[in-house]
Amino acid sequence: ALSIGIVGLPNVGKSTLFNALTKAQNAESANYAFCTIEPNKAVVPVPDVRLDKLSELVKPQRVQSSTVDFIDIAGLVAGASKGEGLGNKFLGNIRETQAILHVVRCFDNDDVIHVSNSVDPIRDIDIIETELILSDVQVLENRVERMAKQIKGDKSFGPKVEEGRKLLEFMNEGNQANTYDKLDTDIMDELLKDLRLITSKKVIYCANVDENGLTDDNDYVKSVMKLAEERGAAFVKISAKMEEELIGLEDEEYQDFLESYGVTESGLAKIIRTGFLTLGMISYFTAGVKEVRAWTINDGDKAPRAAAAIHTDFEKGFIRAEVIGYEDYVTHGTEAACRAAGVLRSEGKEYVFKDGDVVHFLFNV
Ligand code: GDP
């Protein structure tokens, strides 16, 4: 599953945001077959109006959204990479995620103590990122040293060690892995897939503002936006507290609540949408009377790979896919009507899935 690790200094609003995410999980859990519930993980449904629309048309017994796993990585402080606080254990947890949501405090409040006694988003980001780099450097260094010892027995380690050392030198100068300009070589690919360096992941900078900060961007917010832009990273602005209050409100109340803050979309929806975009994910749908469901795949996946989202066996046994574009489905209303109108296409192994495709697979088991 798509997973995003939440990082940030203490007292910036991570727990408040994570609580909101957990509430969003629980609010929907009656409808979803969630696996194990873990204290630091929230499995959150991806809001998608297309899924709602399809459900309206098909009226299935069950509706299932795509989900995103959010992992709360508490305990990151200056010195975490040296094991200060509960640092290293948490750093290990981030390594497993696909993207990072970096929560930054962008509100003043004398009642909420800031660990460094002042609100300064850029400094805060730097403190966290320094720890992440230091942690990566340790991991990379260990691996490079281990591989260096293996060269004697297996020469193929040579180039990897050489490339690894260059990256290490670069990172030792305080740089994040994802700014290294020779990242897309095969050797680097292999090394990074294996090491899962935290700073090689995509980052979403998340400015947490108070209720007043939602309509106008304060200077803190502007500085984070600028930094995100310079890094080519994603940015979202939220108010964690408002998110908590939003969960559980029904349609009209929900809209009124958003409007009262002068926004049109919830922060959670923004984060999830941004996460999807950042990771290059799209959704396709299956629409049967038993279940209407969204499936998450990589943008660019061909049909057999897309089928594997449902079951790994589907990839090998793939024969073909019957595909209806989302708009066509909505226009004609049912699969039968789409077939009659000639908009149901039979696609083979080379078909690249489009966002919103409504699909029926044929496969060998
Ligand atoms: P964490 O240490 O990063 O998990 O931070 P918390 O979520 O515990 O938040 C620290 C403090 O900031 C708490 O007192 C929150 O109520 C407050 N806080 C967090 N987000 C917001 C927000 O969006 N608006 C306001 N007014 N206060 C917030």
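This short presentation covers the surroundings of the ligand, one pair of packed helices, and helix α6. Please keep in mind that we are looking at a predicted model.

I begin with the ligand. There are 15 residues around it, and those that come nearest are Gly13, Lys14, Ser15, Thr16 and Lys241. Which elements give two or more residues to this shell? They are α1, spanning 14-28, and α8, spanning 240-246. Of the elements, α1 gives the most, contributing three residues. As for the chemical character of the shell around the ligand, seven residues are polar, five are nonpolar and three are charged.

I turn next to the helix pair. Two packed helices are described by the angle between their axes and by the distance between those axes. For helix α4, residues 121-150, and helix α7, residues 219-231, the angle is about 45° and the axes are 9 Å apart. Angles that are neither under 35 degrees, nor over 145, nor from 65 to 115 count as oblique, and α4 and α7 are therefore oblique to each other. On the α4 side, the contact is made by Pro121, Ile122 and Ile125; on the α7 side, by Tyr220, Ser223, Val224 and Leu227. How do the residues of this contact divide by character? Six are nonpolar, one is polar and none is charged.

Finally, I come to helix α6, residues 186-195. Is this helix largely in the open or largely buried? Of its 10 residues, the number buried is one, so α6 lies largely in the open. The residue that follows α6 is Arg196, and its phi is positive, near 50°.

Thank you for your attention.

Key:
Residues are numbered from 1 along each chain as its sequence is written. This is a predicted model: local features need pLDDT of at least 70, side-chain atom pairs count only at pLDDT 80 or more; totals for chains, interfaces and linings use all residues. Axes are lines fitted to C-alpha atoms, for helices over the stretch in contact, and angles run from 0 to 180 degrees between N-to-C directions. Helices (H or I, at least four residues) and strands (E, at least two) are DSSP runs, numbered from the N terminus. Two residues are in contact if their C-beta atoms, placed from the backbone, lie within 7 Å. Ala, Val, Leu, Ile, Met, Phe, Trp, Tyr, Cys and Pro count as nonpolar, Asp, Glu, Lys and Arg as charged, and the others, Gly among them, as polar. A residue is buried if 20 or more other C-beta atoms lie within 10 Å of its own, exposed if 12 or fewer, and partly exposed in between; C-beta atoms are placed from the backbone. A residue is near a molecule or strand if its C-beta atom, placed from the backbone, lies within 6 Å of it.
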